[in-house]
Amino acid sequence: HKFHPCDEAVIATNDDASDCKRCAVRLGYWKDDYIGYFVRNQERKAPEINRGYFARVKGVEMCVDKFLKKTGGNCQIINLGCGFDTLYFRQDTAHQVKNFIELDFPTVTARKCYTIKRNKALLARINAEDGEVRLSPTDLHGPNYHLMGVDLRNLDEVDSKLAQAEVDYTLPTIFLAECVLVYIEAQNCHNLLKWIAQKFKSAVFVNYEQVNMNDRFGEVMLNNLRSRGCSLAGVESCLSLETQTNRFKDCGWSGARAWDMVQVYESISAAERQRIERLEMLDEGELLLQLFQHYCLAVAWLGVDFQDLDITCV
Ligand code: SAM
């Protein structure tokens, strides 16, 4: 596989995300017995970063939980740009869905495969229903878990990988993309979202990423990513909550809603917020507020089954 230099930088963003998740887990923000297998780094992150990741992981999980409740588990989860995310391993209900598919660049999935292959706890989790695990250097297939290397900009390849994973286009499906679409060129992203909308009958798309990128703080965030060599080719959809939702409607999705992370954080139960707010002192709340204002969760739906998947009402 050949990569642009900027693909390498994008691939490296996964290490960053995984390090941050590992750190927050170690400090007790949420429980994850598996992330430690994928990440060696023990570096401590700033409290604002940890709280930011807590809101991110909880926000996505709230959407997944609502979807799983509604479908009773008779559904699929497709994690786009999955990195070393551990949702399949750590969460029982997500683990029990009909099919859990993870896609990322082959460089990333090869590392994830390698780690899974040599770890009994991870393997056991995939193999639970005494099925067989099939492996190649970049792909792994279990009874209901498929991890595959693919460039999401290449739809023919995505199509054939999903076929290998025995995807069911008629089954309700939830797509997850955590800080992924921003790295994909607008036209490619448009094609991907449109393709999904045409292929799947009933689906939800949960997108977590940057928003309000056209103010001073947004500019600093973007410059920071650019200085690491990331192309941020999809940043034009990260200007506002409206651009974040319109992109789905423009691609044939039935509807979409988006919340900034201030709203998402407030929708987490008060008890849970109090628990994590006691874990670490914040020097000043201003930076966290700024961070929360510059990330969002967008939920789009296809068809009518999931139009009320609103995380802000319990
Ligand atoms: N979603 C994971 C998480 O939140 O922990 C990883 C996030 S990381 C910031 C972005 C991920 O998107 C990387 O793993 C990167 O390789 C993947 N990615 C970006 N562009 C991609 C593309 N065109 N095809 C496949 N994966 C891509």
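This passage describes the sheet, the nonpolar core and the ligand surroundings of a predicted model.

The sheet is open and is formed by nine strands, arranged in the order 3-4-5-2-1-6-7-9-8 with mixed pairing. Strand 3 (134-135) and strand 8 (255-260) are the edge strands, each pairing on one side only. Helix 3 (residues 47-71) packs on the sheet, where it touches strand 6 (173-178), strand 7 (203-210) and strand 9 (295-302). The direction of helix 3 makes about 175° with that of strand 7. Elsewhere in the sheet, strand 1 (residues 76-80) and strand 2 (residues 99-104) run parallel and are joined by five bridges. Leucine 80 stands opposite leucine 103 of strand 2.

In soluble globular proteins, nonpolar side chains tend to be buried together. The largest nonpolar core of the model contains 95 residues. Within this core, Ile174, Phe175, Val204, Val206, Leu297 and Val299 touch the most other members. Helix 3 contributes 10 residues to the core, the most of any element. When residues up to four places away in sequence are not counted, phenylalanine 175 touches Ile78, Leu80, Ile196, Ala203, Phe205 and Val206. Leu80, one of these contacts, is the leucine that stands opposite leucine 103.

The ligand is surrounded by 20 residues, of which Asn14, Gly81, Gly83, Leu152 and Glu178 are the closest. By class, the shell around the ligand comprises 11 nonpolar, four polar and five charged residues. Helix 1 (residues 5-26) supplies five residues, the largest share of this shell.

Definitions and conventions: Residues are numbered from 1 along each chain as its sequence is written. This is a predicted model: local features need pLDDT of at least 70, side-chain atom pairs count only at pLDDT 80 or more; totals for chains, interfaces and linings use all residues. A residue is near a molecule or strand if its C-beta atom, placed from the backbone, lies within 6 Å of it. Helices (H or I, at least four residues) and strands (E, at least two) are DSSP runs, numbered from the N terminus. Ala, Val, Leu, Ile, Met, Phe, Trp, Tyr, Cys and Pro count as nonpolar, Asp, Glu, Lys and Arg as charged, and the others, Gly among them, as polar. Two strands pair if DSSP finds at least two bridges between them. Two residues are in contact if their C-beta atoms, placed from the backbone, lie within 7 Å. Axes are lines fitted to C-alpha atoms, for helices over the stretch in contact, and angles run from 0 to 180 degrees between N-to-C directions. A nonpolar core is a set of buried Ala, Val, Leu, Ile, Met, Phe, Trp, Tyr and Cys residues joined through C-beta atoms within 7 Å. A residue is buried if 20 or more other C-beta atoms lie within 10 Å of its own, exposed if 12 or fewer, and partly exposed in between; C-beta atoms are placed from the backbone.
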